[in-house]
Every structure is written in C-alpha cells, then in structure tokens.
Amino acid sequence: MTPAGLPEFVRHDVDLSRHTTLALPGRAALFAEIRQVEQLARLAGSRLARRFVLGGGSNVVFSGDFDGLVLHIAIRGRELIGEDQDSWIVRAGAGEGWHEFVGWTLENGWPGLENLALIPGTVGAAPIQNIGAYGIEVAERFLALEAFDLRSGTIRRLDHAACRFGYRDSVFKQQGWHREGRLAITHVSFRLPKAWRARTAYADLAAELAGRRIVAPTASEVADAVVAVRRRKLPDPGVLPNAGSFFENPVVSAALADRLGREHPDLPTYPQTDGRVKLAAGWLIEHSGWKGRDLGRAGMYENQALVLVNRGGASGSEVLALARAVQADVRERFAVELSPEPVIV
Ligand code: NAP
C-alpha cells in the first residue's frame with residue numbers, strides 16, 4: 001500500500017494529455033492502469049471523493065486538472081466463447097481497441113461489426129454511448145457486459161435489456177454511471193450473425209463501394225470502404241488532436257423539423273420511428289458559419305464541421321468556450337440545442 005492507503009499500482013500526479021485524443025493539458029492526482037479485474041477489487045470501497053473511468057480517451061474533455069483517481073481500463077483479451085446455428089459469440093476485454101477488435105472479428109470470418117470500423121475508443125466504451133455508424137449500432141450486436149461495481153465490490157452482468165440502449169445512449173449515460181466512476185466495464189460480449197447481409201444504404205458508403213465497382217461486398221470490403229470514407233472526412237488524432245464528433249445529432253419535434261425544412265430546403269432530415277426527426281449536427285454547424293473556423297487554439301474541422309480539433313496547445317477551457325460559441329450560434333439560427341457528445345470532466 002502507498003502512504004495514502006491505496007495499492008502500489010496507483011500513481012500520483014500523472015499527465016493526462018497523453019491519455020486523451022484531444023491532448024488537452026491536465027494532471028490526475030491519482031491514476032491507476034487496470035489490467036486485471038483483481039485490481040478493481042483492491043480499490044473497491046476506497047473512500048475517494050472522485051473517480052473517473054477512462055478508456056481510450058476519445059470521448060472525454062478534462063477541463064483542467066482532476067483531483068481524484070482516474071482508472072484507466074486496459075483489460076485485454078478476445079475470444080470466441082460460443083457458437084450456435086445462428087451466430088458466433090465473442091467476448092473481449094474492455095481495454096481492447098475497438099477498431100482492432102472489429103478487424104480481428106473480420107479476419108476470423110465473423111461479420112457484423114464492419115460498418116463500425118475505425119470508430120475511435122475501446123471495446124468497453126462502445127456500449128456506453130451505443131456507438132453507431134452507417135446504419136448499424138452496437139446494440140444490434142451486443143449480447144452482455146460485465147462490470148465491476150466499485151461501491152459494492154461485486155461483478156455485475158448486464159444483458160441487452162438492462163443496458164436500455166437508445167440512439168447513442170444507454171443506462172450508463174441515463175444513470176450517470178459513466179461520469180461517477182461507479183461501474184467499470186471489464187468485458188463485453190457480442191453475438192455476430194451467420195445469416196449476414198451487407199448494409200450499405202448510407203450515401204457516403206454506397207458511393208465509396210460504387211467507386212470501387214463493388215456490387216455485392218464482403219464484410220471486409222464494407223469495412224475497407226468505411227475506413228476510406230472516415231479517413232477522408234476525419235482527422236487522425238495523432239496528427240490533429242480531436243475527439244471525433246463533438247456534438248450529438250439532435251432529434252427534434254416534427255413541427256420544428258417541418259419549419260426548418262421550409263426555411264432551409266437543403267436541410268437533411270431523417271424521420272425516426274417515434275415521430276421525431278433526426279437532423280445532422282454537422283450541417284447545422286456548417287450553416288452557422290463554423291466549418292473550418294477557430295476560436296483561440298481550438299477550431300471546427302474544415303472537412304467535417306462536427307469535429308472539434310485542437311490546433312496545438314489548446315486548454316480544456318478554450319475547447320469548452322468554442323463549444324459554447326457553436327451551441328449559441330446554432331441555437332440562434334435554428335432554435336436547435338446541440339449537446340456535446342464527450343463527457344466533460
Ligand atoms: P453522415 O453520414 O454525414 O450523416 C449525418 C447524419 O445524417 C447522421 O445523423 C446520420 O444518422 C444521418 N444519416 C445519414 N444518412 C442516413 C440514412 N441513410 N438514414 C438515416 N440517417 C442518415 O455522418 P458523419 O458525421 O460523416 O458520420 C458517419 C457515421 O458515423 C454516421 O452514421 C454517424 O452517426 C457515425 N458516427 C458515430 C459516432 C458515435 O457513435 N459516437 C461518432 C461519429 C460518427 P446516424 O447518426 O444515425 O448514422
């Protein structure tokens with residue numbers, strides 16, 4: 001145990017900029033890299049004011065220093081744990097990189113996650129915001145997850161129903177578990193379909209496949225096309241630090257969507273099953289004049305207005321000031337409220 005009564009693997013005063021894809025300055029008072037569930041058991045019940053569970057750092061903004069304990073989940077491992085007539089069942093450690101995990105399933109001939117290729121972050125983060133892209137979301141392939149409850153010191157298993165998935169949403173967000181640092185996801189299992197059909201209706205993906213003259217793509221060909229589209233539109237965090245899409249795509253009332261559609265005939269609208277209408281946040285930001293525009297050392301990316309980038313040396317407060325300015329202009333122009341997608345700590 002350290003003098004503070006914490007296990008020896010807990011480090012003091014750790015630089016957080018290397019642990020987030022926005023590369024913002026900030027230090028954690030305490031930091032633990034978690035490679036095994038047993039380490040979580042040793043931390044359970046520790047009386048700390050604040051805890052934060054960190055995965056790949058692609059969906060978090062530290063607005064400054066963090067005065068509690070950051071738990072960096074680095075639990076690895078991936079395996080086929082079952083198979084029946086309809087599906088393959090795979091399980092992975094929460095610290096596995098999402099894109100590498102998708103690649104591994106495809107190499108083994110298990111399709112189903114190809115549209116989600118190149119989404120940044122870890123396997124453990126995927127169910128929290130129910131990541132989705134090009135017409136597939138993780139909830140469709142999700143079987144169950146295991147999470148360590150740091151308050152009670154027990155392992156909990158959450159099945160599909162218990163996760164209460166919605167559009168980029170789950171019980172973790174609804175209950176605030178992801179920001180409280182109460183539950184740390186340790187493993188996730190997925191059910192991958194044997195009767196697989198490519199899903200290629202999204203315009204960008206369809207155009208990419210057409211450009212490659214592929215009519216009936218394999219799952220790997222879909223993944224390759226998704227990767228090519230994403231690489232074109234999204235900056236590489238290693239070159240230009242960013243956290244992917246910075247705002248959620250808003251879902252608004254049909255009445256508001258109708259009014260906006262009359263005022264802006266080229267506004268893309270996507271009706272939802274509940275009668276509401278999804279709008280493209282990137283379009284709203286671009287048409288509020290923010291595409292390629294900076295505020296301080298942060299800016300909205302020139303190839304995709306939904307991505308907030310750190311031009312070099314931006315602080316957490318500069319990022320948040322830019323986000324507020326974008327929200328205010330979109331609100332004033334379109335009467336639509338944008339919600340940040342990353343967790344702001
Ligand atoms: P995009 O393809 O330009 O689409 C922009 C918006 O239009 C999204 O809200 C998308 O819905 C919607 N949309 C486009 N075509 C649609 C169709 N055929 N049917 C229904 N809705 C349609 O978006 P992008 O910004 O370049 O991102 C590409 C994909 O990656 C999108 O699916 C986006 O949601 C996804 N993405 C996900 C995350 C995440 O999981 N956190 C982060 C970044 C991007 P959907 O959002 O429902 O797809």
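A polar side-chain atom of Lys278 lies 2.4 Å from an oxygen atom of the ligand in this predicted model, and two further polar contacts of the ligand can be set beside this one. The table lists the three together, with the kind of protein atom that takes part in each.

| Residue | Protein atom | Distance to a ligand oxygen atom |
|---|---|---|
| Lys278 | polar side-chain atom | 2.4 Å |
| Lys233 | polar side-chain atom | 2.6 Å |
| Tyr134 | polar backbone atom | 3.0 Å |

Taken alone, the ligand exposes 800 Å², and the protein buries 80% of that area. The shell around the ligand holds 17 residues, of which Tyr167, Arg168, Tyr202, Lys233 and Lys278 come nearest. Sorted by class, this shell contains seven nonpolar, five polar and five charged residues. Where in the chain do the residues of the shell come from, in terms of domains? Domain 2 (78–193) and domain 3 (242–344) each contribute at least three of them, while strand S8 (132–133) and helix H7 (219–233) each supply at least two.

**The sheet of S14, S16 and S15**

Three strands form an open sheet in the order S14-S16-S15, and their pairing is antiparallel. The edge strands are S14 (251–252) and S15 (269–271), each of which pairs on one side only. Between S15 and strand S16 (residues 277–279) there are three bridges, again in the antiparallel sense, and one residue pair shows how the two strands are matched, since Thr269 has Leu279 in S16 as its bridge partner. In general, strands of a sheet pair through backbone hydrogen bonds, and they may do so in a parallel or an antiparallel way.

**Strand S7 and its partners**

Is strand S7 (residues 87–93) mostly buried or exposed? Seven of its seven residues are buried, so S7 is largely enclosed by the rest of the structure. In a regular strand the side chains alternate between the two faces of the sheet. For S7, Ser87, Ile89, Arg91 and Gly93 belong to one side and Trp88, Val90 and Ala92 to the other, and both faces are covered.

S7 pairs with strand S6 (residues 78–83) in the antiparallel sense over five bridges, and the two strands form a hairpin with three residues between them. Within this pairing, the bridge partner of Leu80 is Val90 in S7. S7 is also joined to strand S12 (residues 183–193), here by seven bridges and with the two strands running antiparallel, and Gly93 stands opposite His187 in S12.

**Gly211 and two residues with positive phi**

Gly211 has its place in helix H6 (residues 203–211), and with a relative accessible area of 64% Gly211 is exposed. The C-alpha atoms of Gly211 and Ala225 are separated by 9.8 Å, although these residues stand 14 residues apart along the chain.

Most residues other than glycine have a negative phi, which gives a background for the next two residues. Arg213, which is not a glycine, has a positive phi of about 55°. Arg213 lies in the loop between H6 and H7 and is exposed, with a relative accessible area of 76%. Ala335, also not a glycine, has a positive phi of about 60°, and its place is in the loop between helix H10 (316–334) and strand S20 (343–344). At 45% relative accessibility, Ala335 counts as partly exposed, because that class lies between the 20% limit for buried and the 50% limit for exposed residues.

Terms used
Residues numbered from 1 in each chain as written. Predicted model: local features only at pLDDT ≥ 70, side-chain atom pairs only at ≥ 80, totals over all residues. Heavy atoms only, no water. Pairing = 2+ DSSP bridges. Helix = DSSP H or I, 4+ residues; strand = E, 2+ residues; numbered from the N terminus. Near = heavy atom within 4 Å. Polar contact = N/O pair within 3.5 Å; in protein donor to acceptor, adjacent residues only side chain to side chain. Areas by Shrake-Rupley, 256 points an atom, 1.4 Å probe, with all protein chains shown as cover. Nonpolar A, V, L, I, M, F, W, Y, C, P; charged D, E, K, R; others polar. Domains from an automatic or database assignment. Buried < 20%, exposed > 50% of the residue type's maximum accessible area, 1.4 Å probe, protein only.
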